[in-house]
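Me: I should like to learn how to read the surroundings of a residue and the layout of a sheet. Where should one begin?

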Amino acid sequence: MDKPPVKMMDPTLAEMGNHLSGAMKILESGKLGSEQGKERRKLSWKDIPGPLQGDGQDVVSILQLVQNLMHGDDDQQGHRRMQYVGEQGHMALLGHSLAAFISVLERERLRKLTTRILSDTTLWLCRLFRYENGSAYYHEDDREGLLKVCRLVINTHYEEYATEGFTVLSSKHPVIYQSAACRPGLGQHLCSQLGLPLSSLCIVPCNTMFGSLHQMDVALLDKLIKDDCESGKVPLLLIANAGTPGAGHTDKLGRLKELCVQYNMWLHVEGVNLATLCLGQISSTVTAATKCDSMTLTPGPWLGLPAVPAVTLYRHEDPALSFTAGLTSSQPVEKLRALPLWLSLQYLGHDGIVERIKHASQLSQQLLEHLKTLASIKTSDVVSHSRVPPISGGSLRDVLGSLILSIVEDELNSPVVVFRFSQDNSAPSSGGSVEGYFAGERDIIDALNRWLGEQLVQQVPLSGVDVVELEDEGTCVRFSPLMTAAALGTQENDVAALVEKLGEMIPVLCCTLRFRQDFKDEVLQQTSLSYIEDLSWPGLGVVRYEPRNTDLDEDKRQQTVEKINSELLMKLMELDTDLEFSCGPEFCEETNCIFIGMATEDLDVAELVETIGSVGRDIEESGKLFENMTEVVRRGIQEAELQLQKANEEKLIEEGVLRQIPLVGSVLNWFSPVQASVKGRTFNLAEGCLDSTEPVYSIKAQMNTEASPDSPKSSTKRFPGQKLFRRHGAGSDSISDTSSVSHLEESFRETAQVQVTDVEEAEVPQENPAHIPEDTASSDQRVPEGQETESVDNLR
């Protein structure tokens with residue numbers, strides 16, 4: 001009696017669930033459990049694509065193809081983690097398979113089933129998100145619900161629109177209002193789909209003096225509506241935000257609802273903060289969304305459900321107008337869109353749904369609490385501190401310190417955290433200057449924040465942070481766990497890792513910002529270097545080596561600049577240093593430049609710039625030497641050809657004409673051999689001339705052409721473990737006391753050895769030149785045979 005439901009289950013449904021489970025395991029693991037499908041298929045038709053030839057493919061082969069398309073070149077580029085799909089995600093995927101299966105039922109049974117699924121899902125969503133007496137429209141595109149609502153409102157305000165069409169709108173121009181903080185392109189999409197001119201769209205600015213920078217200016221909206229009414233236009237619909245796409249702020253929905261009632265307008269609300277309506281404790285500003293005329297929900301990312309449709313909840317009393325606008329349909333198949341959500345909501349239950357929304361909200365609060373513990377971080381209601389006027393005496397800014405990470409906190413329980421790196425310039429820090437920093441301040445800070453966000457995305461991928469561009473604040477880093485946590489499986493330890501990485505990067509950002517001006521000043525002092533002003537580069541700066549030869553034409557000069565800077569970049573990248581050198585971003589306007597990355601506290605900017613200049617000069621000089629040597633070799637070859645021709649003529653005169661005849665010359669040479677002298681030649685690259693090889697075989701020449709002494713070593717010495725471009729004593733981590741002591745001991749040891757060697761050389765008597773050291777006797781100089789004894793006698 002315990003298992004009647006299992007026994008009565010339709011075998012087709014059970015098999016479908018098993019197939020889906022097995023396919024998901026194969027695709028997620030990247031391994032196939034069978035070797036089937038590897039047999040060769042016979043070619044039936046030349047014009048038929050390969051997979052369609054023969055009698056078709058088996059399931060394993062098709063899954064193998066899907067797996068290859070999903071993973072691509074993961075073996076070469078490293079395994080990319082797929083989106084986390086839990087059991088609730090499998091239920092959503094099963095819903096799509098069931099929808100296709102249910103669609104083949106007989107019409108009456110299909111109608112009853114779809115009606116039950118649609119009514120249940122709508123009731124559950126209205127209860128979960130506290131939207132009483134509402135209807136639901138399920139759609140794939142999250143903008144489609146708003147589009148259908150606009151059609152409903154137009155049909156409500158213009159009774160003859162269904163028969164007369166756009167001609168009715170010409171007499172009374174409709175107006176759609178939306179906040180400046182709404183999704184980009186949303187209003188343009190509505191006008192395009194509705195056939196309205198862009199003049200029907202009114203963008204309402206956000207607050208500029210009081211409140212959040214991302215909340216709609218209610219007073220200005222009231223004025224705009226009055227002006228439109230006086231000019232004969234019809235206020236149609238207002239789009240408000242419960243969580244703006246950028247910063248997650250919520251408009252004053254209560255006040256906006258009052259305006260809509262006053263002017264007979266429709267109020268539509270959308271945003272990520274609507275997810276918190278299912279929690280026990282809700283912000284008062286978000287609670288006002290339950291009184292709006294319609295709202296769009298996206299439960300897929302909130303709950304981690306793949307391929308789940310968005311839902312638009314709305315209230316309207318006329319079913320006929322809803323049907324005309326497309327919010328309801330008589331086709332049962334279209335009602336099956338709610339089936340994946342119907343299955344997933346039942347699987348999660350009320351507690352599971354609330355737990356996931358609550359977990360995401362707690363992650364945001366955890367990040368805020370961690371950021372507040374850092375001494376150099378400030379949390380406020382406004383991310384941009386540029387709105388705060390300068391304080392005389394600098395009392396407030398002195399308290400904030402040299403670094404500020406401003407946080408967006410629309411509400412105490414806001415599920416979206418947006419932070420931005422910034423640095424106060426009231427007082428310069430040690431090791432760098434801030435003079436001239438205010439030139440291009442916004443662009444530099446934006447570039448550093450962009451680098452910060454990209455690094456956090458790479459190093460803590462499970463945190464789900466991304467980089468967002470806000471109109472007033474600039475580039476910021478956003479943490480919105482409601483949209484990412486369920487899909488990525490973000491946990492508290494991921495937030496802790498995010499804060500840890502952020503703490504490691506803040507000093508690097510500060511040092512780079514301080515040293516930018518110092519780097520520029522040092523480069524400007526070098527005549528062979530030019531400083532490239534690139535405010536979008538998140539690093540120390542950009543430099544280019546300029547050749548000192550000004551006699552070249554423009555094309556030749558450009559080629560020389562490209563060649564020198566390419567070789568200079570390669571040599572700098574080979575140095576033992578923590579700095580990163582590159583040729584810049586892929587689509588960079590500046591070419592033939594060297595982009596230097598982020599700096600650390602112990603960076604010696606002067607040494608860095610001097611090294612770049614000296615290496616560039618060495619490359620330029622070696623290039624000139626190569627060009628000169630090419631000319632010398634060419635002239636030497638010409639001279640050698642002339643001397644060879646002259647030697648042939650002398651040989652002809654010395655031997656005679658008869659000896660040049662093959663047969664006669666052999667007979668003459670047999671009776672009267674000729675002792676011709678062979679004159680060798682050697683080409684001296686240093687002097688660029690041809691010399692005779694005879695001195696090579698003489699002892700005197702060997703004594704005079706001994707090997708040159710070793711090149712002197714660089715007088716600059718670094719401590720053991722110390723890398724290039726680091727100031728001595730700047731950081732205690734890079735150089736230890738033990739290494740310093742050992743370095744001094746080695747210096748004293750080398751000095752003592754030099755003194756002992758000088759004393760020993762002074763004690764050797766100068767009257768005994770016959771005493772030859774062993775290393776001299778074992779010299780690798782070559783001596784011609786038969787001259788060994790003569791060489792010793794000469795030495796004696």
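Reply: Begin with the term contact: it means heavy atoms within 4.5 Å. The model shown is predicted.

Me: Which residues does Thr-475 touch, not counting residues up to four places away in sequence?

Reply: Thr-475 touches Arg-420, Asp-446, Asn-449, Arg-450, Val-467, Val-468 and Glu-469. With Arg-450 there is also a polar contact between the two side chains, at 3.5 Å. Thr-475 itself belongs to strand β12, which spans residues 474–479.

Me: Why does Thr-475 count as buried?

Reply: A residue is called buried under 20% relative accessible area. Thr-475 counts as buried because its relative accessibility is 0%. Over the chain of 796 residues, 40% count as buried.

Me: How are the strands of a sheet held in pairs, and what order do they take in the open sheet of 4 strands?

Reply: In general, strands of a sheet pair through backbone hydrogen bonds, in a parallel or an antiparallel manner. Here the order is β13-β14-β16-β15, and the pairing is antiparallel. The edge strands, each paired on one side only, are β13 (529–532) and β15 (581–582). Between β13 and β14 (residues 541–545) there are 4 bridges; Ile-532 has Val-542 in β14 as its bridge partner.

Me: Which helices lie across strands of this sheet?

Reply: Helix α21 (residues 492–524) lies across β13, β14 and β16 (594–596), at about 145° to β13. Helix α22 (residues 554–573) lies across β14, β15 and β16, and runs at about 125° to β14.

Terms used
Residues numbered from 1 in each chain as written. Predicted model: local features only at pLDDT ≥ 70, side-chain atom pairs only at ≥ 80, totals over all residues. Heavy atoms only, no water. Buried < 20%, exposed > 50% of the residue type's maximum accessible area, 1.4 Å probe, protein only. Helix = DSSP H or I, 4+ residues; strand = E, 2+ residues; numbered from the N terminus. Polar contact = N/O pair within 3.5 Å; in protein donor to acceptor, adjacent residues only side chain to side chain. Pairing = 2+ DSSP bridges. Axes fitted to C-alpha atoms, helices over the stretch in contact; angles between N-to-C directions.
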